[in-house]
Amino acid sequence: MSTGQRGRDADRTAELTAALGATRARLARAAELCGRNVNDIELLPITKYFPASDVIILNQLGCLAFGESREQEAANKVDAVRAELPDAPIRWHMVGRIQRNKARAVAGWAHTAHSVDSLRLLRALDRAATEALSAGARSHPLRIYIQISLDGDAGRGGVDVNDQDLVDEICGSANTAAGLEFAGLMGIPPLQSDPDEAFSRLAAERDRVQRDYQHRLELSAGMSGDLESAVKHGSTCVRVGTALMGQRPLTSPAVVTPVTSSSQTSPLPRSAEGSPR
Ligand SMILES: *Cc1c(COP(=O)(O)O)cnc(C)c1O
């Protein structure tokens, strides 16, 4: 390794060490402010657009789970990290939208998927995870969160929070599917919305759904810009990209086809947190 390369690695390690410390402190403060135990809240680093070398650094700093939002980029990164750290017990989370034809691929590397929002997708993931389990390609069912849409805009993903029958049906299917484990609900505040209102609505829905289940349902809510509000409303998993990793570059390193403008990261923080990719 050249001296220049070593220097850059040391710089990035210092950068990520500082950002992780600051984010953990922010999360601890948010928990303290509402009387919660910070250990009940998972800090999930979102490493999309960032290289496998960053995952390796964060793993050495104690992070054991990582979130990705594009199947192809994630699959490449999972392989690259595994080649470097074959024995590290890393759990990968899929947090982005999942195309049904990618269900098999996702079931091949993901420990958890946060963005399940239809019965058809759920069934495809169940089939894929069941096959992977019987082939010995995975050791546990795929944990899934049902994504809830808080503004009824299906284009941005999620089951409409006002369609309680559908929410109940999908959650019920998640709970009984042999290849899946029903983890809880996930939500993203609508663009331009008040995160407090959005997370309060999401938490109320989690409480409603919870009545049908014995196991405690998790709540995946909160990103770099709104994690304090999400923690106040009971989030048990905050998905933090920018605050840890820095601004995302405009194009994904592993995406060979041109990305559309709607899939690019806007440099404006408000839209970066409101419409994550
Ligand atoms: C990218 C992404 C995040 C992280 O967003 P930041 O604002 O960078 O923290 C969280 N959740 C999902 C679903 C994402 O796609």
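Let me begin with the largest nonpolar core of this predicted model, which has 66 residues. Leu-125, Ile-144, Ile-146 and Val-238 are the members with the most contacts inside this core. The element that gives the most to the core is helix H5, residues 119-134, with 6 residues. As general background, nonpolar side chains in soluble globular proteins tend to be buried together.

Ile-144 serves as an example. Not counting residues up to four places away in sequence, Ile-144 touches Ala-113, Val-116, Leu-125, Ala-174, Leu-180, Phe-182 and Ala-183.

Now the overall picture. The protein has 10 helices and 9 strands. Of its 277 residues, 42% are buried. Among contacts with a separation of 6 or more, 59% join residues that are 24 or more positions apart.

On confidence, the average pLDDT of the protein is 91, and 90% of the residues score at least 70. The stretch from 255 to 277 stays under 50, and the model has 29 contacts beyond four places in sequence for it.

I turn next to strand E9, residues 237-240. Which residues of E9 are buried on each side? Cys-237 and Arg-239 are buried on one side, and Val-238 and Val-240 are buried on the other, so that both faces are covered. In a regular strand, side chains alternate between the two faces of the sheet. E9 pairs with strand E1, residues 42-45, in the parallel sense over 4 bridges. Within that pairing, Leu-43 stands opposite Val-238. Val-238 is also one of the residues with the most contacts inside the largest core.

Val-238 leads us to Ala-230, a residue of helix H8. Leaving aside neighbours within four places in sequence, Ala-230 is in contact with Phe-199, Ala-221, Gly-222, Ser-235 and Val-238. Is Ala-230 buried or exposed? Ala-230 is buried, because 28 other C-beta atoms lie within 10 Å, and the cut-off for a buried residue is 20 or more. Its C-alpha lies 9.1 Å from that of Ala-203, although the two are 27 residues apart in sequence.

Phe-199, one of the contacts of Ala-230, is among the buried residues of helix H7. The full set in H7 is Pro-195, Ala-198, Phe-199, Leu-202, Glu-205, Arg-206 and Val-209. Why do these residues line one face of the helix? Seen down the axis of H7, they fall within an arc of 120°, and therefore they share one face. The general background is that an α-helix has 3.6 residues a turn, so residues three or four places apart point the same way. The cover over the buried residues of H7 includes strand E5, helix H6, strand E7, strand E8 and helix H8. As for length, H7 has 16 residues, which at 1.5 Å a residue should span 22 Å, and its end C-alpha atoms are indeed 22 Å apart.

Helix H6 can be read in a similar way. H6 has 13 residues and reaches 18 Å from its first C-alpha to its last, close to the 18 Å expected at 1.5 Å a residue. Its buried residues include Val-167, Ile-170, Cys-171 and Ala-174. These cover an arc of only 100° around the axis, so they lie on the same side of H6. The face turned away from that buried side carries the exposed residues Asp-165 and Thr-176. Covering the buried residues of H6 are elements including H5, E5, strand E6, E7 and H7. Ala-174 has already appeared, as one of the residues touched by Ile-144.

A further helix is H2, residues 52-60, whose buried residues are Ala-52, Asp-54, Val-55 and Leu-58. Viewed down the axis of H2, they fall within an arc of 155°, and so they line one face. They pack against helix H1, E1, strand E2, helix H3 and helix H9. Just after H2, Gly-62 takes a positive phi of about 110°.

I close with Arg-91, which lies in strand E3, residues 91-94. Arg-91 counts as partly exposed, because it has 14 C-beta neighbours inside 10 Å. Not counting residues up to four places away in sequence, Arg-91 touches Leu-64, Ala-65, His-111 and Thr-112. Its C-alpha is separated by 9.7 Å from that of Val-78, which is 13 residues apart from Arg-91 along the chain.

Technical notes: Residues numbered from 1 in each chain as written. Predicted model: local features only at pLDDT ≥ 70, side-chain atom pairs only at ≥ 80, totals over all residues. Helix = DSSP H or I, 4+ residues; strand = E, 2+ residues; numbered from the N terminus. Expected span 1.5 Å × (residues − 1). Buried ≥ 20, exposed ≤ 12 C-beta atoms within 10 Å, placed from the backbone. Arc of directions from axis to C-beta. Contact = placed C-beta atoms within 7 Å. Pairing = 2+ DSSP bridges. Core = buried A, V, L, I, M, F, W, Y, C linked by C-beta atoms within 7 Å. pLDDT = per-residue confidence, 0-100.
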